Amino acid sequence: MSSAEPVPAVTESEGQGILRRLDARESSARTYARHLRIVPVRAEGMTVEGADGRTYLDCLSGAGTLALGHNHPVAVEAMRKVIDSGRPLHTLDVATPEKDAFTEALFATLPAGLARGARVQFCSPAGTDAVEAALKLAQSATGRHGLAAFTGAYHGMTSGALAVSGGVAAKARVAGSGADVTRLPYPYAYRCPFGLGGELGERTAAEYVRRLLADPNGGVVPPAAMILEPVQGEGGVVPAPADWLRAMRDVTHRHGIPLIADEVQTGMGRTGTLWASERAGVVPDVLVASKAIGGGLPLAVVVYREELDVWEPGAHAGTFRGTTLAMATGAATLDFITRNHLAERAASLGARMLARLEELPARFPCVGDVRGRGLMLGVELVDPGGEPDLLGSLPADPVLARAVRAACLDRGLIVELGGRHDSVVRLLPPLIISDEEAASVLERFTDALEASTRAAH
């Protein structure tokens, strides 16, 4: 831990008081606080200490934000340097040495085909606003209005981002939230939208898009953009097959449709390459990034091809797009990830963890599918007594998933749910997770799964 002056301890009773007061005052929109009934008071790496005196392994990592875990020395030192220097912490979009350094570090990570002549738009510091900017940019550059997006997608909660997201519940009471969006099938082997699965389902999903966009009577006006996630995160950790991604790149090229890669959660090494789309050799026209690029602090950007840069001054602005601290921590984090080959580390360790998780279906009939890429892993829980579909896939079991999440917390492991009916347990450890910590994560998760299934019977 840091050698700085210690923060006064928070007792367990004080922690309970904090929970009670915030329960009474916070909006009903809060999510994590409903089931993570802890008050974190100290953290380092992937370890979090609560006011309850317990220690937890954090496999949520700020929904993928904390690439280097909590309070990594590189990020802390970068913040301290800026604070000690007396530099301004807020500058709107005025040039600063920190912005210049961050931009240099970011562009050094980009695929060469995008980095050459690219432009970067600093947005309000949330991924959803960067998605909004990307959609508006594509509409402005093409003069079109419609958008193409995919089933299972999650792009954020603001108006445009919500429209291109797949989740129905958040849109049900919001007028116009699905307007002018063509919904396309995302290849999802376990729950194939065509009931085919495997390579045939993947090829069919690609062919469907090809034919729909080429059909003069298909009902789809050429869209301003196609937006996709190379690995769907909130959608249940569903990796896009490389051939399908290449097919989407090809079809968008053919029809002059800008391809937007939403790498808010997958970027900066999490999936085993610096950017998840790189694995398929795909270079998007627009790349959306947030979460990990700020080194734990709020930061969001859109990087796009030069020819799309049709913005008028102020066409997309944001008061906090000049966050000096986040740019400093972001640059330091990007440099640390690349110098220490953490993407390669995520690929190798993630593959070993996935192999261990793939042993679970043989022991637990409630494990319907295990999947992931790098340190972005998911275990889909199902009802073994339910009616299988045409593929033999079983119904989701969200009740069991919630029980497993709670049992993980009881065992000092923080995980989150996603996917259809929130039945996928998601593991997003920081990229600096050790082999020993990985083994402990798997042991605690397996123990929680065993205890939950035993209790269910």
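1. In this predicted model, Ala261 is a buried residue, with a relative accessible area of 3%. Ala261 belongs to strand β10, which covers residues 259–262. Between the C-alpha atoms of Ala261 and Gly64 there are 17 Å, and the two residues are 197 apart along the chain.

2. Glu229 also deserves a look. Its place is the loop that runs between β7 (225–228) and β8 (231–232). With 7% relative accessibility, Glu229 counts as buried because that value is under 20%. The C-alpha atoms of Glu229 and Ala153 are separated by 7.1 Å, while their positions lie 76 residues apart along the chain.

3. Two residues are listed here for their backbone angles. Most residues other than glycine have a negative phi. Met268 has a positive phi, near 65°, and is found in the loop between β10 and β11 (286–289). Its relative accessible area is 1%, so Met268 is buried. His421 has a positive phi as well, near 60°. That residue sits in the loop between β16 and β17 (424–427). Is His421 buried or exposed? His421 is exposed, because its relative accessible area of 62% is over the 50% limit.

4. On aromatic contacts, the count comes to five aromatic pairs. One of them joins Phe150 and Tyr186 in an edge-to-face arrangement, with 6.2 Å from centre to centre and 80° between the planes. Phe150 is part of strand β5 (residues 147–150), whereas Tyr186 is in the loop between β6 (181–184) and α9 (198–214), so the pair ties together parts that are 36 residues apart in sequence. Both Phe150 and Tyr186 are buried. Together with Trp244, these two residues form one aromatic cluster.

5. A charge is also placed over a ring. The charged end of Lys99 sits over the ring of Phe122, at 5.1 Å from the ring centre.

6. Which residues lie nearest the centre of the largest pocket? They are Tyr32, Tyr154, Met157, Glu234 and Asp422, out of a lining of 49 residues. The elements that give two or more residues to this lining are α2 (32–35), α7 (127–142), α14 (398–410) and β16 (416–418). The volume of the largest pocket is about 1,600 Å³. By class, its lining holds 19 nonpolar, 21 polar and nine charged residues.

7. Enclosed space is a separate matter. How many cavities of 30 Å³ or more does a search of the whole structure find? The search finds one. The largest cavity has a volume of about 30 Å³. Its lining is made up of Pro230, Ala240, Ala242, Leu245, Ala276, Arg279, Ala280 and Arg373. Six of the lining residues are nonpolar and two are charged, with no polar residue in the lining.

8. Last, the cysteines. A search of the whole structure finds zero disulfides. Cys123 has a relative accessibility of 1% and therefore counts as buried. Cys192 is buried too, with a relative accessible area of 11%.

How values were computed: Residues numbered from 1 in each chain as written. Predicted model: local features only at pLDDT ≥ 70, side-chain atom pairs only at ≥ 80, totals over all residues. Heavy atoms only, no water. Disulfide = S-S within 2.5 Å. Buried < 20%, exposed > 50% of the residue type's maximum accessible area, 1.4 Å probe, protein only. 1 Å grid on protein atoms, 1.4 Å probe; cavity = no way out; pocket = protein on both sides within 12 Å on 5 of 7 lines; lining within 4 Å. Points joined across faces, edges and corners; volume = space filled by probe spheres on them. Nonpolar A, V, L, I, M, F, W, Y, C, P; charged D, E, K, R; others polar. Phe/Tyr/Trp six-rings, centres within 6.5 Å; stacked < 30°, edge-to-face > 60°. Helix = DSSP H or I, 4+ residues; strand = E, 2+ residues; numbered from the N terminus. Lys NZ or Arg CZ within 6 Å of the ring centre and 35° of its normal.
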